[in-house]
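Here are some short exercises to work through with the model open beside you. Try each task before you read its solution.

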Amino acid sequence: MIPGILSGVKAVEFGQNLAGPYCGQILAFLGADVVKVERPEGDDARKWGPPFIEGDSTGFIALNRAKRSITVDLADPAQRKALVERIGQADVFVHNLRADVPAKFGIDGATLAQRFPHLIYADLGAFGHAGPWAQRPGYEPIIQAVAGLISLNGDPGGPPARVGVSIIDLSTGMWTAIGILAALWRKAQTGQGCVVNTSLFETGLMWASNHIAGYTTTGKVAPRQGTGHPSLTPYQAFECSDGPLMVCPGNDRLWRKFAEALGHPEWPDDPRFLTNPVRMQHRETLLGMIGDIMKREARAAWSARLDKLGVPNGPLNSVPDVMALAQVAALAMFSKPFADSPALFHGLPVSFDGQRAGDDSRAPRIGEHDGAA
């Protein structure tokens, strides 16, 4: 844990599934005292498996370490009152409850902000706090579909594909934490809290924003690129004799070096390939020429050649490939909280003075801290 970063900050997280708990974990790994509130039966994600460790899914454990757990039945007036009192003693309350639940039980932003002016109230929703869909529920795959992300992803000519597992949930948790940290800074200056609103849908729109900018400028949607980029050529994976290698010469200087590695230093002076805009016009021709050359040799040979010239590149790794990398070991981002399990869990991808945020804490059992202050 990182002492001193958020030391002394108290947070109550009524999070469930992924996005809310990840926000809470960010705060906890930065040193805040985070109390996780669960229904008596626990967070649904505890049963999202297999695999399980000591009865909880690895997905739940991954996002709920370094917290304390209490259970609350919102239908019980006494328990609800105790929860409100706990929230009032905290600096931050973050939740991703269904949109109609907070007001039903008197824990909505307007009510708590009026009662506790110091409170930072973070409401992480599905479709946003305004508009005709403000009360609409949603999970990540629905958001990816509705925000247009699935339509943008996948290989050209093939079926559309999801962007990735949990990318919307986790990045919304990050945006919520960013909002909370900004609000904590303002509170330190003024003593005043605020309501922070985020949503999965807004995060989805953010991920689609580059495509939206292109569409609103041209009236056209760029075709799906697979591993490629809609505005850069060449900038994608190429098949080598033993598998694909991602190559990203992201400017004309690197393109010249890449062409040199390919054995064609004259290509950057060809009028068809002189600048990125004209390379985009002759994209299929150029990519075909590059592909014909790169398939003749193995990835390691190409990578060594490109590394020598400073052209960014890397193989398309599997998860086992990733975990075998010396760079992963050197960064020490993963820890082993369970002596009887080989399972590795992440710290945060940020360090302070060389010390990573996060530790080898376990996730709490359901209601493990009931009755604790």
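**Exercise 1. A glycine in a loop**

Which residues does glycine 106 touch, not counting residues up to four places away in sequence?

*Solution.* Start with the ground rules: this is a predicted model, in which local features need pLDDT of at least 70 and side-chain atom pairs count only at pLDDT 80 or more, while totals for chains, interfaces and linings use all residues. Residues are numbered from 1 along each chain as its sequence is written, and side-chain values use heavy atoms, with hydrogens and water left out.

Step 1: find glycine 106 in the loop between helix H4 (101-104) and helix H5 (109-115). Helices (H or I, at least four residues) and strands (E, at least two) are DSSP runs, numbered from the N terminus.

Step 2: look for contacts, meaning heavy atoms within 4.5 Å. With that sequence limit, glycine 106 touches Thr111 and Leu112.

Step 3: check the surface. Glycine 106 has 28% relative accessibility, so it counts as partly exposed. Buried means under 20% relative accessible area, exposed over 50%, and partly exposed in between (1.4 Å probe, protein chains only).

Step 4: compare sequence with space. Lysine 81 is 25 residues from glycine 106 in sequence, and the C-alpha to C-alpha distance is 9.6 Å.

**Exercise 2. The parallel sheet**

In what order do the 6 strands of the open sheet with parallel pairing lie?

*Solution.* Step 1: trace the order, which is E5-E2-E1-E6-E7-E8. Two strands pair if DSSP finds at least two bridges between them.

Step 2: look at the edges. Strand E5 (68-71) and strand E8 (194-199) each have a single partner strand, so one side of each has no neighbour in the sheet.

Step 3: judge the twist. Neighbouring strands here are turned by 20 degrees against each other on average, direction ignored. Axes are lines fitted to C-alpha atoms, for helices over the stretch in contact, and angles run from 0 to 180 degrees between N-to-C directions.

Step 4: zoom in on one pair. Strand E1 (residues 10-14) and strand E2 (residues 33-38) run parallel and are joined by 4 bridges. Lysine 10 sits opposite aspartate 33 in E2, and alanine 11 has valine 34 of E2 as its bridge partner.

Step 5: add the surroundings. In E2, 5 of the 6 residues are buried, so the strand is largely enclosed by the rest of the structure. Helix H8 (residues 167-190) packs on the sheet, where it touches strand E6 (92-95), strand E7 (120-125) and E8. The direction of H8 makes about 165 degrees with that of E7.

**Exercise 3. The antiparallel sheet**

Which strands stand at the edges of the open sheet E9-E10-E11?

*Solution.* Step 1: this sheet has 3 strands with antiparallel pairing. Its edge strands are strand E9 (236-240) and strand E11 (313-315), each pairing on one side only.

Step 2: from one strand to the next, the twist averages 30 degrees.

Step 3: E9 and strand E10 (residues 243-247) are joined by 5 bridges, and glutamine 236 stands opposite valine 247 in E10.

Step 4: helix H14 (residues 299-309) lies across E9, E10 and E11, at about 15 degrees to E10.

**Exercise 4. Unusual backbone**

Where are the cis peptide bonds next to proline 50?

*Solution.* Step 1: recall the usual case. Most residues other than glycine have a negative phi, and most peptide bonds are trans.

Step 2: one cis bond joins glycine 49 and proline 50, with omega about 10 degrees. Another joins proline 50 and proline 51, with omega about 5 degrees. Proline 50 lies in the loop between E2 and strand E3 (52-53), and proline 51 is in the loop between E2 and E3.

Step 3: now look at phi. Glutamate 54 is not a glycine, yet its phi is positive, at about 50 degrees. Glutamate 54 lies in the loop between E3 and strand E4 (56-57) and is partly exposed, with a relative accessible area of 42%.

Step 4: aspartate 353 also has a positive phi, near 50 degrees. Aspartate 353 is in the loop between strand E14 (351-352) and strand E15 (355-356) and is exposed, at 86% relative accessible area.
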